[in-house]
Protein chains: 2
Amino acid sequence: MNNNENYDIFLGRFKEVLRRNSLKYTKQREIILQTIYNSTEHFTPESLYGEIAQNVSESKIGIATIYRTLSLLEKENMVTSISFGANGKKYEAGTKDHHDHMICDSCGKIIEFCDEVIEELQEKVALKHQFKIIDHVMQIHGICKECQD
Amino acid sequence: MNNNENYDIFLGRFKEVLRRNSLKYTKQREIILQTIYNSTEHFTPESLYGEIAQNVSESKIGIATIYRTLSLLEKENMVTSISFGANGKKYEAGTKDHHDHMICDSCGKIIEFCDEVIEELQEKVALKHQFKIIDHVMQIHGICKECQD
DNA sequence: CTGTGTGCAAACATTTTGCAAGCAG
DNA sequence: CTGCTTGCAAAATGTTTGCACACAG
């Protein structure tokens with residue numbers, strides 16, 4: 001396992017971001033970063049807040065700090081967010097390679113996938129409209145294998 | 001122009017929805033449906049509310065009614081909604097053929113497009129995971145031609 | 001008539017902000 | 001020391017709900 005090594009890289013990027021913006025490396029930001037890094041699931045500000053409150057007895061972090069830190073991380077592309085129909089917005093750590101999501105409307109499960117050809121076609125479409133891609137979102141909604149019973 | 005004819009079809013679908021759910025055809029629902037149908041832009045509940053207040057002097061429609069009607073229409077697939085990074089959610093009338101969106105992060109403009117091949121590839125990916133597609137969302141974020149100055 | 005729909009205001013949920021005190025650099 | 005950060009509570013947004021009256025079927 002090279003998880004710790006990966007975390008160091010993630011942490012390094014974060015410190016670089018802080019340096020570049022004259023921001024400070026605080027205990028709170030460290031805890032948030034760690035918790036995000038260790039999250040296997042997609043999370044909301046609220047769920048992150050709850051998880052930290054539960055697992056990290058040493059420190060209280062206000063919900064406002066969670067929001068402020070997530071904004072920073074999103075702006076710096078260290079986390080990405082995906083929006084759902086009605087139920088709001090979930091985040092995930094930007095540690096993985098690019099991928100898209102299949103979302104089960106029945107159980108809420110998220111399946112990640114990546115298709116090179118689709119990616120290329122998107123670029124082709126954008127080019128045709130002289131549109132400069134920054135990012136893209138693709139979600140397939142439906143019913144997962146397990147829920148099709 | 002066959003706009004009126006198309007509106008009649010749209011209205012017909014709506015009346016059918018009402019009938020099926022034992023709901024009633026009211027002045028408010030009529031006005032909302034018309035306004036949605038005539039909207040060229042994507043809209044929010046708030047913007048719809050404002051537009052109706054401005055254009056339709058005869059009648060006051062409460063914001064709650066807008067929300068209630070939009071929920072109904074979305075449930076019945078007569079409007080679709082797309083979610084944006086942070087700024088919430090916009091709707092569009094479900095009168096057009098399927099298409100996806102390119103969204104300019106600078107000016108907010110929305111360009112619609114449709115690529116058959118991408119659609120097919122999505123189905124192929126879903127099939128591989130035995131995932132049953134209900135719907136899908138694809139957004140390309142970036143900077144439009146005009147804003148690239 | 002009956003039961004659904006509506007506007008209004010209050011209730012909620014979520015996210016942002018002002019402020020005084022705390023702490024990193 | 002200086003100025004970015006934080007927690008808290010208040011404020012701002014966005015959306016939903018309860019209720020009494022209105023109205024479609």
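**DNA strand C and a buried histidine**

Student: In this predicted model, how far does a polar side-chain atom of K24(B) lie from a base nitrogen of DNA strand C?

Tutor: Quick housekeeping: residues are numbered from 1 along each chain as its sequence is written, and chains are lettered from A. Local features need pLDDT of at least 70, side-chain atom pairs count only at pLDDT 80 or more, and hydrogens and water are left out of side-chain values. The polar side-chain atom of K24(B) sits at 2.7 Å from that base nitrogen.

Student: Which part of DNA strand C accounts for 72% of its atoms that come within 4 Å of the protein?

Tutor: Start with Q28(B), whose side chain has an N or O atom 2.9 Å from a sugar or linking oxygen of the strand. Then there's G62(B), with a backbone N or O atom 3.1 Å from a phosphate oxygen. The 72% belongs to sugar and phosphate.

Student: How many residues surround DNA strand C?

Tutor: Here a residue counts as near if one of its heavy atoms lies within 4 Å of the strand. The closest include Y67(A), K60(B) and T65(B). The total is 17 residues.

Student: Now H101(B): is it buried or exposed?

Tutor: Buried means under 20% relative accessible area and exposed over 50%, with partly exposed in between (1.4 Å probe, protein chains only). Because its relative accessibility is 3%, H101(B) counts as buried.

Student: Which side chain does H101(B) join in a polar contact of 3.2 Å?

Tutor: A polar contact is a pair of N or O atoms within 3.5 Å; within protein, one must be able to donate a hydrogen and the other to accept it, and residues adjacent in sequence count only if both atoms are side-chain atoms. The 3.2 Å partner is H42(B).
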